[in-house]
Amino acid sequence: MSRSATIKRDTNETKIQIALSLDGGHIALQESIFPKKVEDDHATQSSSAQVISVQTGIGFLDHMLHALAKHSGWSLIVECIGDLHIDDHHTAEDVGITLGLTFHKALGQVKGVKRFGSGFAPLDEALSRAVVDLSNRPYAVIELGLKREKIGDLSCEMIPHVLESFAQGAAITIHVDCLRGFNDHHRAESAFKALAVAIKEAISRTGTNDVPSTKGVLF
C-alpha cells in the first residue's frame, strides 16, 4: 500500500507545495508553483530508489531537508515561495509545518509499524542522537547547542524551530540533541541525519496490522 501524499498550503506569507513518499520511488507534482522553471539543483537527487528536490529559497534549509529525506529513505519534492524580503522565519516555520502535515497524511493510521525509532549520526567531530515516537501527540525537545547567528541564510534559532514545526504538523514526538561537536554546520547536519535514521526505523513495517499501543488506538 502506497504511503504517499501531496499537500499545498497557501498563506499571506508563504506558498508551499510538498509531495512525499515514505518508501521512496517515483513521485511528481502535477504542476509547479514557481512561475518559471527554477534551475537551482543544489538539493536535487534522482535515482530509481529516490527522487529528491528541495527548493525553499534558503540554501541551508534545502541542504538539511535533502539530508533528512535521503537518510529516511523518502522521495521528497518541496517547493516554497516565501516572504524572504522580511526574513527567514515564515519560510522555515511553514515548510516545517507543511512537511509534517504531509508526513502525517502519507503515514495514515499508525498501525503495522514499529512506532518507536532511535538513531545516532556523526559528522566528523559532531555526534547527534534522535528518538521518535509516532504518538499522534506532537511534542519536540531539541537541544543542538548552536552558537553562530546564521548558517548560510538560515538563522540558527530557526533550525530547532523547523524540527519543532515538523513534529507539530506530523503529530509525533521527537527528541533530538547534539552530544558533541564544535562546528555548527556539522552539529545541525548530524542532528537532521540522526532524526532521519530514527524516523526510518519508526515507520518501518512490522508485517502485521497491529496498532502499536496498549490502548489499541493511536489518534
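This section describes the strands, helices, cores and selected residues of a predicted model.

The first sheet is open and consists of five strands in the order β1-β2-β5-β4-β3, with mixed pairing. Its edges are occupied by β1 (4-10) and β3 (44-46); each has a single partner strand, so one side of each is left without a neighbour in the sheet. On average, neighbouring strands of this sheet are turned by 5° against each other, direction ignored. The edge strand β1 runs antiparallel to β2 (residues 14-21), and the two are joined by seven bridges. Within this pair, K8 stands opposite Q17 of β2.

Two helices pack on this sheet. Helix α1 (residues 59-72) touches β3, β4 (51-55) and β5 (75-82), and the direction of α1 makes about 160° with that of β4. Helix α2 (residues 89-107) is in contact with β1, β2 and β5; the angle between the direction of α2 and that of β1 is about 145°.

Two residues illustrate the local environment in this part of the chain. I33 belongs to the loop between β2 and β3. Although I33 and E79 are 46 residues apart along the chain, their C-alpha atoms are separated by 7.0 Å. When residues up to four places away in sequence are not counted, I33 touches K8, K15, I16, Q17, E79, C80 and I81. The contacts of I33 thus include both K8 and Q17, the residues that stand opposite each other in the pairing of β1 with β2. The second residue, Q55, lies in strand β4. Q55 has a relative accessible area of 12% and is therefore buried, the threshold being under 20%. A polar contact of 3.4 Å links the side chain of Q55 to the side chain of S53.

A further open sheet contains four strands, ordered β6-β7-β11-β8, and its pairing is also mixed. Here β6 (116-123) and β8 (139-143) are the edge strands, each pairing on one side only. The twist from one strand to the next averages 10°. Eight bridges connect β6 with strand β7 (residues 126-133) in the antiparallel sense, and A130 in β7 is the bridge partner of G119. The pairing of β7 with β11 is likewise antiparallel and comprises seven bridges, with S128 partnered by C178 of β11. In contrast, β8 and β11 pair in the parallel sense, over five bridges; in β11, D177 stands opposite E143.

This four-strand sheet is also packed against by helices. Helix α3 (residues 158-170) touches β8 and β11 (173-180), and the direction of α3 makes about 165° with that of β8. Helix α4 contacts β6, β7 and β11, its direction lying at about 150° to that of β6.

Helix α3 was examined further. The 13 residues of α3 reach 18 Å from the first C-alpha to the last, close to the 18 Å expected at 1.5 Å a residue. Ten of these 13 residues are buried, so α3 is largely enclosed by the rest of the structure. The buried positions in α3 are M158, I159, P160, V162, L163, S165, F166, A167, G169 and A170. The residue that follows α3, A171, has a positive phi, near 60°.

The nonpolar interior was also analysed. The largest nonpolar core has 57 residues, and W74, F103 and L134 are those with the most contacts inside it. Helix α4 provides the largest share of this core, nine residues. Another core, of five residues, lies apart from it and includes A19, I27, L29 and V51.

Finally, S213 is located in the segment after α4 (184-202). The relative accessibility of S213 is 16%, so this residue counts as buried. A polar atom of the S213 side chain lies 3.1 Å from the backbone nitrogen of K215. Apart from residues up to four places away in sequence, S213 touches R115 and L218.

Methods. Residues are numbered from 1 along each chain as its sequence is written. This is a predicted model: local features need pLDDT of at least 70, side-chain atom pairs count only at pLDDT 80 or more; totals for chains, interfaces and linings use all residues. Side-chain values use heavy atoms; hydrogens and water are left out. Two strands pair if DSSP finds at least two bridges between them. Axes are lines fitted to C-alpha atoms, for helices over the stretch in contact, and angles run from 0 to 180 degrees between N-to-C directions. Contact means heavy atoms within 4.5 Å. Buried means under 20% relative accessible area, exposed over 50%, partly exposed in between (1.4 Å probe, protein chains only). A polar contact is a pair of N or O atoms within 3.5 Å; within protein, one must be able to donate a hydrogen and the other to accept it, and residues adjacent in sequence count only if both atoms are side-chain atoms. A nonpolar core is a set of buried Ala, Val, Leu, Ile, Met, Phe, Trp, Tyr and Cys residues joined through side-chain atoms within 4.5 Å. The expected span of a helix is 1.5 Å times one less than its number of residues.
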